[in-house]
Amino acid sequence: MSEPIIIATRESRLALWQAEHVRDLLVARFGVRVELLGMTTKGDQILDRALSKVGGKGLFVKELENALEEGRAHLAVHSLKDVPMDLPDGFTLAAVLEREDPRDAFVSTRHASLDELPHGARIGTSSLRRVVQLRSQRPDLQVEPLRGNLDTRLRKLDEGQYDAIVLAAAGLKRLGLAARIRALFEPDAMLPCAGQGALGLEVRAASQALCDMLGTLQHTPTAWAVEAERAVSRALGGSCSMPLAAYARWDGAALALRVALGHPERTDAPLLRASVHAPVANADEARRLGDRAADALRAQGASAYLAS
């Protein structure tokens, strides 16, 4: 490609790291020129309300998609957990990169783990998925909303606004901040959300040459695992107002997919949990596994949760 490839990216430190990572991969593999187009999205601007109240995680990607549609950029790099389950017409994920640590991290300046937090301690998170799982383990805690980019969240913790916060381990590790992690939540204790730790490369579907180039960066085991995870949310009509967790890991040639759904309003409602396991040899089989997991949740009463 004679013209530079322009990557649309949010301007947070983590988003820029992700875009620069993809830039470096493209330069190293293909010797192409790559430029970054930094943008501020509505998700970055609206910090006084929960995402579930103002349009969901799609607020982080819409402006980047507009840049692609208008020809100002050629691809967008996303944290896959922020990407809506169904892309707009004319857009596609050209590649999913190898996953970083998918787990959630417990971060605190004074306490070593969730179990060590005193009664009534304030713990911050922006995720309904984390809220319901935290409350199921420690109903005595005050789970408070926490918005802003990663550096802003850490600053609020350091200022004493929270006793602890929960963040994605992947972002901390990518920015060299792993030392801030006091404990990692294993999936048994805190099931991750669909796509957590993975990066997705979005392009216009008509950009065939670019799709082919980016497709060589695809990490197929990650792509199929997150395909199964995202299929659960898609089958249930998922949005960020739904406290849904889905995490798939490879067991030889099979995927083991675990899911959990909390009630969006009733703190006394139990978490619904299910697990499915099957050989997976392509993306369609991964999606079918996700559909099975969604059916298993419906069999436990998920429809009543979703109606709320």
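Student: What share of the contacts in the protein chain with a separation of 6 or more comes from residues 24 or more positions apart?

Tutor: Keep in mind that we're looking at a predicted model. Here we take the contacts with a separation of 6 or more and pick out those between residues 24 or more positions apart. That share is 69%.

Student: Okay, and how compact is the chain for its length?

Tutor: Let's start with what it's built from: 11 helices and 13 strands. Its radius of gyration is 19 Å, and the globule rule gives 19 Å for 308 residues, so the chain is as compact as a globular protein of that length.

Student: How much of the chain is buried?

Tutor: A residue needs under 20% relative accessible area to count as buried. Apply that to the 308 residues of the chain, and the buried part is 52%.

Student: Which side-by-side evidence do we have for helix 8: what arc do its buried residues cover?

Tutor: First, find them: in helix 8, residues 208–215, the buried ones are L210, C211, M213 and L214. They sit on the same side of helix 8, because around the axis they cover an arc of only 165°.

Student: And what covers those buried residues of helix 8?

Tutor: Look for elements in contact with them, and you'll find both helix and strand pieces. Among them are strand 1 (5–10), helix 1 (13–30) and strand 10 (199–204).

Student: Is T125 buried or exposed?

Tutor: You'll find T125 in strand 6, which spans residues 122–125. Leaving aside neighbours within four places in sequence, T125 is in contact with several residues, including R130, L134, V143 and V166. Its relative accessible area is 3%, and the cut-off is under 20%. That makes T125 buried.

Student: What about E35: how does its accessibility count?

Tutor: E35 belongs to strand 2, residues 34–39. Its relative accessibility is 41%, and the in-between class lies between the 20% and 50% cut-offs. So E35 counts as partly exposed.

Student: Which residues does E35 contact, leaving aside neighbours within four places in sequence?

Tutor: One clue is I7: it's 28 residues apart from E35 along the chain, yet their C-alpha atoms are separated by 6.2 Å. I7 is indeed on the contact list of E35. The full list is P4, I5, I6 and I7.

Student: Last one: which residue takes a positive phi just after helix 4?

Tutor: Helix 4 covers residues 62–69, and its buried residues are E63, L64, E65, A67 and L68. Just after helix 4 comes a residue with a phi of about 80°, and that's G71.

Note on methods:
Residues are numbered from 1 along each chain as its sequence is written. This is a predicted model: local features need pLDDT of at least 70, side-chain atom pairs count only at pLDDT 80 or more; totals for chains, interfaces and linings use all residues. Side-chain values use heavy atoms; hydrogens and water are left out. Helices (H or I, at least four residues) and strands (E, at least two) are DSSP runs, numbered from the N terminus. The radius of gyration is taken over C-alpha atoms; the globule rule is 2.2 Å times the number of residues to the power 0.38. Buried means under 20% relative accessible area, exposed over 50%, partly exposed in between (1.4 Å probe, protein chains only). Contact means heavy atoms within 4.5 Å. The arc is that of the directions from the helix axis to the C-beta atoms.
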